[in-house]
Number of protein chains: 2
Amino acid sequence: MNTDAQNGIDYAMLQSRLGYKLRRAQMVYFDVFFEACAQEGITPGLFSILAIVYHNPGLTQSAVSAALDVDRSAMVAAIDKLEGMEVIERRKSKNDRRSYALYLTKKGKAFTEHLNQKVEAGEQRFDAFMQEGEREWLLDILDRIIEARKGS
Amino acid sequence: MNTDAQNGIDYAMLQSRLGYKLRRAQMVYFDVFFEACAQEGITPGLFSILAIVYHNPGLTQSAVSAALDVDRSAMVAAIDKLEGMEVIERRKSKNDRRSYALYLTKKGKAFTEHLNQKVEAGEQRFDAFMQEGEREWLLDILDRIIEARKGS
DNA sequence: TATTGTTATACTCTATAACTATA
DNA sequence: TATAGTTATAGAGTATAACAATA
């Protein structure tokens, strides 16, 4: 039960842990995500930026970094790269001349939608291992766990 | 639904993704794990080593690195640190003089058990957000996802 | 004074390559 | 020749601190 059949090593103290299994399962999905991104010459972190700007055009760099919980300084190289790929653009803000408003280019919108569909298709592979309704149940219980943190 | 009430930013393309929710939920549990480890002056990575050696005394450094899927070279500093804490010890292997056999010290066993209980207690906080039997079902579905990768 | 974007810097984690001593 | 442990090194990823322009 607690033994991994592949190498005969006993993972007992890790296997029984829900956090450990969540991590392993998340890694399975991350591999799909990473691979889909890699095929399009991007990283998961950069896709996250595109996804945020796609649904929230006009955000500043700082707002995006806050939304993704990374430091402002990390955004500079990231936006530079996305701008180099011509999928995002910095527009000088009118109200506040210190900041840029971020927008996806036409190419960027199509790129983001294409990548999103690709990841979605990749994830669907695992639906075969779930019974009817289990996916919704899983999403629901994960939501409860995520919400549970907030009341800490 | 797809909007985070906290900052008014629309995470739609990420929120709908099962992989993203798995990551968020995993981070909730990881915070508990990390905090419990930090209070004992250790890291999650080092605890994983202790957990493996606890259940598999006598493994070589290379075997542990393979079990945890990290490079051999990363083990050196890690075992150095655990040895410095007097929770693990390298014993010269008799059969193969190139390698060490790893064992927990008496202190190391107690330390590992204590830490394990601490993490377990921390995780139990989230059981309140699950119905009867849901935890077992969740472990089961996560196992199916983890196993699904192998047949890729 | 505070904030935006930026740069320089450092720190962690991990991977690669090369070395030594064994096998 | 291949493997175990080691070392040096380099690459991500991310955080901190400081600066100029602007608020």
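**A chat at the interface**

Q: What does A:Asn116 touch, if residues up to four places away in sequence are not counted?
A: A:Asn116 touches A:Phe47, B:Met13 and B:Arg17. A contact here means heavy atoms within 4.5 Å.

Q: And what am I looking at, a prediction or something else?
A: This is a predicted model, where local features need pLDDT of at least 70, side-chain atom pairs count only at pLDDT 80 or more, and totals for chains, interfaces and linings use all residues. Residues are numbered from 1 along each chain as its sequence is written, chains are lettered from A and ligands numbered from 1 in the order in which they are written, and side-chain values use heavy atoms, with hydrogens and water left out.

Q: Back to A:Asn116, which helix is it in?
A: A:Asn116 is part of helix α6 of chain A. Helices (H or I, at least four residues) and strands (E, at least two) are DSSP runs, numbered from the N terminus.

Q: Is A:Asn116 buried or exposed?
A: A:Asn116 is buried, at 13% relative accessible area. The cut-offs, with a 1.4 Å probe and protein chains only, are under 20% for buried, over 50% for exposed, and partly exposed in between.

Q: What does the side chain of A:Asn116 make a polar contact with?
A: Its partner is the side chain of B:Arg17, at 2.9 Å. A polar contact is a pair of N or O atoms within 3.5 Å; within protein, one must be able to donate a hydrogen and the other to accept it, and residues adjacent in sequence count only if both atoms are side-chain atoms.

Q: Which glutamate does B:Arg17 meet in a salt bridge?
A: B:Arg17 pairs with A:Glu120, at 3.6 Å from N to O. A:Glu120 lies in helix α6 of chain A and B:Arg17 in the loop between α1 (12-15) and α2 (18-39) of chain B, so this pair joins two chains. B:Arg17 is buried at 4% relative accessible area, whereas A:Glu120 is partly exposed at 35%. The rule for a salt bridge is a side-chain nitrogen of Lys or Arg within 4 Å of a carboxyl oxygen of Asp or Glu.

Q: Nice. How many salt bridges cross the interface of chain A and chain B?
A: The rule finds eight across that interface, and 23 over all chains. B:Arg144 and A:Glu134, for example, meet in a salt bridge at 2.8 Å, N to O. There are also 21 residue pairs in polar contact between chain A and chain B, both at pLDDT 80 or more.

Q: Which helices of chain A supply at least two residues each to the side that touches chain B?
A: They are α1, α2 (18-39), α3 (44-55), α4 (61-68), α6 (106-124) and α7 (134-150). Helix α7(A) gives the most to that side, with 14 residues. By type, the side of chain A that touches chain B has 31 nonpolar, 13 polar and 15 charged residues. Ala, Val, Leu, Ile, Met, Phe, Trp, Tyr, Cys and Pro count as nonpolar, Asp, Glu, Lys and Arg as charged, and the others, Gly among them, as polar.

Q: How much area is buried between chain A and chain B?
A: About 5800 Å², with carbon and sulfur atoms giving 66%. In chain A, A:Met13, A:Arg17 and A:Leu18 lose the most area to chain B, together 13% of what that side buries. Buried area is the accessible area (1.4 Å probe) that two parts lose on being put together, summed over both. In residue terms, 59 of chain A are in contact with 60 of chain B.

Q: New topic: what is odd about phi of B:Glu86?
A: B:Glu86 has a positive phi of about 60° although it is not a glycine. B:Glu86 sits in the loop between α5 (72-84) and β1 (88-92) of chain B. The B:Glu86 side chain meets B:Lys107 in a salt bridge at 4.0 Å, N to O. That pair links distant parts of the chain, 21 residues apart, with B:Lys107 in helix α6 (residues 106-124) of chain B.

Q: Last one: how confident is the predictor in chain A?
A: The average pLDDT is 92, and 94% of the residues score at least 70. pLDDT is the predictor's confidence in each residue, from 0 to 100. Residues 1-5 of chain A stay under 50. Among the elements of chain A, strand β2 (residues 100-104) has the highest mean pLDDT, 98, and helix α1 (residues 12-15) the lowest, 89.
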